[in-house]
Amino acid sequence: MQTTRPLLVLAAGTFVMVTAEMVPMAVLPQMGADLGVGPGRIGLLVSLWALTVVVLSIPLVRLTARWPRRDVVVAAMAVLALSGALTALADAYLPVLAARLLGAAACGLLWASVVPLTADLVPRDRMPSAIAIVLAGATVGGALGVPLAGFAATTVGWRTASGVLAGLAAVVAVATRVVVRTPAATTAGTDDAEGDGGALLPVVVTLVLTALVLVGHYAGYTFVTALVAPAAAATPGGTVTLLLVLGIASAGGVVLAGRVPVVRVGAALAVAAAGTALGLGLLVVAQPPAAAVPVLVLWGVASGALPPLTQTDVMLAAGLRWRAVAGALVPVVLNLGVATGAAAGSAVVSGRGTEGLPLPAALVVAAAAAALAVAHRTRRATALPTSHSRKTPTANAAVRPQSRPPIGADPNQECMKGA
């Protein structure tokens with residue numbers, strides 16, 4: 001319970017972050033009519049948000065490097081609340097855009113800090129389940145937060161919806177300050193509790209290959225409504241039903257990711273990528289509803305498991321030494337993968353139509369999945385001799401009584417981990 005409460009607070013934070021990013025698309029007609037602009041300019045509020053995250057995440061992480069991570073999350077969530085309030089009060093498009101960009105900068109810093117903070121809160125063997133709990137908030141934000149914002153826009157207005165979201169962000173900021181307790185920040189380069197400072201190369205490899213997975217996944221996901229249209233025509237509830245199936249399956253993928261043992265996370269990530277490739281490839285034959293539903297379940301479960309497995313694998317590979325750097329790279333690299341995928345999907349659809357999209361998208365993901373499997377096996381093979389050698393000092397302790405354990409090897413030093 002002592003650890004669960006902070007994780008639930010951070011999960012509420014990721015819920016607010018995802019909802020804040022996507023809310024313009026949920027309130028597009030109302031916001032456009034009120035501000036006197038077309039759908040394209042409202043859409044820019046989402047695309048420029050993502051671009052701001054990519055550009056500013058690393059500089060903001062460097063700027064706040066000496067702050068405890070908990071305090072970074074509190075401050076950034078407070079700025080996100082301010083952004084929502086300013087958006088609700090703005091009376092023209094440009095002030096709304098400025099307020100949104102402020103929120104995007106805060107959100108980039110939040111994405112760079114929330115998962116490393118989660119890793120600080122739990123032992124290594126609990127990291128998969130803890131990160132899955134926190135990122136479940138993001139999944140719920142996409143599945144429920146955005147539709148709820150759309151419902152609020154049609155009933156009480158888009159400004160009220162934005163104001164409520166600002167209030168939720170403020171509540172999360174206060175709750176994080178009160179509930180989340182972490183030790184003082186650890187300086188960069190300190191070894192972690194396993195006596196292993198981690199390594200940056202496997203972090204970069206995992207992120208780049210996962211970004212390639214997201215290129216293929218989002219090439220298809222961007223046009224999912226068109227891809228499932230033939231099956232939707234014969235499905236009760238149509239497209240809404242099939243998208244609901246995909247959303248629920250994605251949530252199931254997050255749950256499954258949280259149950260993966262820590263030693264299997266890298267292998268599970270490769271399997272999830274392979275499942276995503278298979279689901280995408282099978283979309284070409286998923287015309288009748290009887291075929292579409294199981295294909296969407298496969299695609300949803302596999303792709304839903306990708307974010308928690310990726311970020312868990314990255315945190316495990318980074319160790320405490322590279323945790324802050326890894327956290328900063330995550331939103332940048334993965335957002336680039338998403339943006340590239342959407343653009344690539346648009347290019348394919350423009351040239352070959354939606355029917356020509358699933359197979360090339362699946363091939364891109366399959367290639368990345370194979371590379372992830374090879375990278376995981378290579379990393380394990382490299383780590384085994386190192387792991388074995390670490391047992392030697394313990395076994396020969398009687399021969400070298402003056403030897404001291406490496407920094408962080410004493411479990412009593414766990415409290416020295418940084419926030």
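A salt bridge is a side-chain nitrogen of Lys or Arg within 4 Å of a carboxyl oxygen of Asp or Glu. In this predicted model, R70 and D71 satisfy that criterion, the closest N and O atoms being 2.9 Å apart. The two partners differ in their exposure: R70 counts as buried because its relative accessibility is 11%, whereas D71, with a relative accessible area of 29%, is partly exposed. The cut-off that separates these two cases is 20% relative accessible area, under which a residue is called buried. A search of the whole structure finds five salt bridges, and two others are taken up below, after an outline of the fold.

The secondary structure of the protein comes to 16 helices and zero strands. The chain has 419 residues, of which 48% count as buried. Among contacts with a separation of 6 or more, 85% are made by residues 24 or more positions apart. The helix pairs, single residues and salt bridges described next give particular instances of how parts of the chain meet.

The pairing of helix 12 (residues 265–282) with helix 13 (residues 289–318) serves as a starting point. Their axes lie 8 Å apart, and the packing angle is about 150 degrees. Angles over 145 degrees count as roughly antiparallel, and helix 12 and helix 13 are therefore roughly antiparallel to each other. The crossing of helix 12 and helix 13 is left-handed. Helix 12 contributes V265, G266, A268, L269, A272, A273, G275, T276, L278, G279, L280 and L282 to the contact, and helix 13 contributes V295, L298, W299, A302, S303, A305, L306, L309, T310, T312, D313 and L316. By class, this contact of helix 12 with helix 13 has 16 nonpolar, seven polar and one charged residues.

Helix 12 also packs with helix 8 (residues 200–221), here at an angle of about 20 degrees and with the axes 10 Å apart. Since angles under 35 degrees count as roughly parallel, helix 8 and helix 12 are roughly parallel to each other. The crossing of helix 8 and helix 12 is left-handed. On the side of helix 8 the contact is made by T206, T210, V213, G216, H217 and G220, and on the side of helix 12 by L269, A273, T276 and L280. The contact of helix 8 with helix 12 has four nonpolar, six polar and no charged residues.

Which residues does T310 touch, leaving aside its neighbours within four places in sequence? T310 lies in helix 13, and its contacts on that basis are T206, L207, T210 and L269. Of these, T206 and T210 also belong to the contact of helix 8 with helix 12, as does L269 on the helix 12 side. T310 counts as buried because its relative accessibility is 1%.

Helix 13 also carries D313, which forms a salt bridge with R379, the closest N and O atoms being 2.6 Å apart. This pair links distant parts of the chain, since D313 is in helix 13 and R379 is in helix 15 (residues 358–389), 66 residues apart. D313 is buried, with a relative accessible area of 4%, while R379 counts as partly exposed at 28% relative accessibility. D313 is also among the residues of helix 13 that make the contact with helix 12.

Another salt bridge joins D120 and R323, with the closest N and O atoms 2.6 Å apart. D120 lies in helix 5 (residues 93–121) and R323 in helix 14 (residues 323–352), so that the pair links parts of the chain 203 residues apart. Both partners are buried: D120 has a relative accessible area of 8%, and R323 one of 3%. Salt bridges that share partners join R69, D120 and R323 into one network.

Helix 5, which holds D120, also holds V115. V115 counts as buried because its relative accessibility is 2%. Leaving aside neighbours within four places in sequence, V115 is in contact with I131, L135, Q311 and M315. V115 and L10 are 105 residues apart in sequence, and their C-alpha atoms are 9.0 Å apart in space.

Methods: Residues are numbered from 1 along each chain as its sequence is written. This is a predicted model: local features need pLDDT of at least 70, side-chain atom pairs count only at pLDDT 80 or more; totals for chains, interfaces and linings use all residues. Side-chain values use heavy atoms; hydrogens and water are left out. Axes are lines fitted to C-alpha atoms, for helices over the stretch in contact, and angles run from 0 to 180 degrees between N-to-C directions. Helices (H or I, at least four residues) and strands (E, at least two) are DSSP runs, numbered from the N terminus. Angles under 35 degrees count as roughly parallel, over 145 as roughly antiparallel, 65 to 115 as roughly perpendicular and the rest as oblique. A crossing is left-handed if the near helix is turned anticlockwise from the far one by less than a right angle, and right-handed if clockwise. Contact means heavy atoms within 4.5 Å. Ala, Val, Leu, Ile, Met, Phe, Trp, Tyr, Cys and Pro count as nonpolar, Asp, Glu, Lys and Arg as charged, and the others, Gly among them, as polar. Buried means under 20% relative accessible area, exposed over 50%, partly exposed in between (1.4 Å probe, protein chains only).
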